[in-house]
Amino acid sequence: MTDSQRAGYQSVPDDLGGKAGRGWWDANASEYLDDHGAFLGDTDFCWCPEGLRESELHVLGPEADLAGRAVLEIGSGAAQCARWLVQRGARVVATDVSAGMLAASRRLDARSGTQVPIAQADARALPFASGSFDAAFTSYGALPFVPDAAAVHDEVYRVLRPGGRWAFSVTHPVRWAFPDDPTARGLTATRSYFDRRPYVERDEHGTITYAEYHRTLGDHVREVSSAGFVLMDVIEPEWPGTTTETWGGWSRTRGERLPGTAIFVADKPAAHR
Ligand SMILES: C[S@@+](CC[C@H](N)C(=O)[O-])C[C@H]1O[C@@H](n2cnc3c(N)ncnc32)[C@H](O)[C@@H]1O
């Protein structure tokens with residue numbers, strides 16, 4: 001198998017690509033948290049590698065109003081964000097498809113002394129009754145790893161009450177055209193922004209072990225509004241003044257010139273009288 005067959009942008013059957021996420025996150029949970037756990041914090045709500053926190057952004061509402069609110073996290077990983085919400089009195093459930101990431105969440109519960117209720121669930125089939133949550137969110141979870149993000153938006157719409165909020169952060173779509181490289185090499189567009197083929201990795205047998213999907217800005221907006229949401233905002237965090245920390249392809253070199261994250265904020269319309 002050549003290097004480009006082993007890792008690169010490839011058309012793959014949706015069912016195989018969509019399934020790969022779970023295995024990859026199970027296998028890599030510990031390594032991922034070794035690399036990024038300190039940046040994320042055990043009980044902190046970080047939206048992106050730019051380091052923007054919910055304590056500054058308040059997209060789920062004023063911090064003082066979080067107590068008692070029913071909040072769902074999808075693609076929660078080790079549920080650091082949910083833990084921050086628990087500490088503010090919210091009634092949170094953190095969900096993730098990966099048992100490995102949820103096991104890591106239990107370890108962070110023990111270490112931090114703050115417990116988060118968790119449930120293993122694919123974000124495309126949520127095990128909750130319709131209208132059960134006031135808000136739902138994910139920080140870089142689930143959506144990039146499924147070919148059918150529309151199914152996630154539909155499920156989130158279903159489990160939110162009328163008037164509920166849905167917020168999610170993803171890699172900024174513009175980044176797809178650039179090499180995932182934190183150095184100046186990552187500042188020259190080398191691919192088409194419009195190429196929707198996922199980035200895929202395979203093992204030595206050719207089995208897909210990782211798949212990450214691209215959506216253009218228009219694709220995201222279309223999927224959110226087709227589910228029934230009203231889009232309220234798209235936040236593009238700027239690189240913070242002094243930060244030199246690198247996270248994969250995110251760095252000061254690139255962050256000063258290119259957006260790295262998009263945070264979508266949408267509302268389920270309130271019920272009509
Ligand atoms: C980059 S992590 C985001 C989690 C956390 N916010 C963080 O920054 O570590 C991506 C998470 O999405 C989860 N995920 C991938 N596909 C999913 C799916 N179909 N349904 C639910 N979660 C999924 C992975 O298991 C992983 O925990």
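**Group meeting: helices, sheets and a ligand shell**

Okay, let's start with two helices: helix 2 (residues 14-40) and helix 5 (residues 99-112) pack at an angle of about 40 degrees, and their axes are 7 Å apart. Axes here are lines fitted to C-alpha atoms, for helices over the stretch in contact, and angles run from 0 to 180 degrees between N-to-C directions. Helices (H or I, at least four residues) and strands (E, at least two) are DSSP runs, numbered from the N terminus.

Before I go on, this is a predicted model: local features need pLDDT of at least 70, side-chain atom pairs count only at pLDDT 80 or more, and totals for chains, interfaces and linings use all residues. Residues are numbered from 1 along each chain as its sequence is written.

Back to our pair. Helix 2 and helix 5 are therefore oblique to each other; angles under 35 degrees count as roughly parallel, over 145 as roughly antiparallel, 65 to 115 as roughly perpendicular and the rest as oblique. Which residues make the contact? From helix 2 you get Trp25, Asp26, Ala29 and Leu33, and from helix 5 Ala99, Gly100, Met101 and Ala104. Contact means C-beta atoms, placed from the backbone, within 7 Å. By class, that's 6 nonpolar, 1 polar and 1 charged. Ala, Val, Leu, Ile, Met, Phe, Trp, Tyr, Cys and Pro count as nonpolar, Asp, Glu, Lys and Arg as charged, and the others, Gly among them, as polar.

Now the ligand. There are 20 residues around the ligand, and Gly21, Trp25, Gly75, Gly77 and Ser98 come nearest; near means a C-beta atom, placed from the backbone, within 6 Å. Helix 2 gives the most to this shell, with 3 residues. The shell's make-up is 11 nonpolar, 7 polar and 2 charged residues.

On to the sheets. One is an open sheet of 7 strands in the order 4-3-2-5-6-10-9, with mixed pairing; two strands pair if DSSP finds at least two bridges between them. At the edges sit strand 4 (118-120) and strand 9 (230-235), each pairing on one side only. From one strand to the next, the twist averages 20 degrees. Strand 2 (residues 70-73) and strand 3 (residues 91-96) pair in the parallel sense over 4 bridges, and valine 71 has valine 92 of strand 3 as its bridge partner. Helix 5 packs on this sheet too, touching strand 3 and strand 4, with its direction at about 165 degrees to that of strand 4. Helix 6 (residues 149-159) lies across strand 2, strand 5 (133-139) and strand 6 (160-171).

There's also an open sheet of 3 strands, order 1-7-8, with antiparallel pairing. Strand 1 (7-9) and strand 8 (208-212) are at the edges with a single partner strand each, so one side of each is left without a neighbour in the sheet. Strand 7 (residues 199-202) and strand 8 are joined by 4 bridges, and valine 200 stands opposite alanine 211 in strand 8. Helix 2 packs on that sheet, touching strand 7 and strand 8.

Last bit: UniProt, in an unreviewed entry, places "domain: Methyltransferase type" at residues 72-167. UniProt positions are in the numbering used here, feature names are shortened, and annotations may be inferred rather than shown by experiment.

Methods. Contact = placed C-beta atoms within 7 Å.
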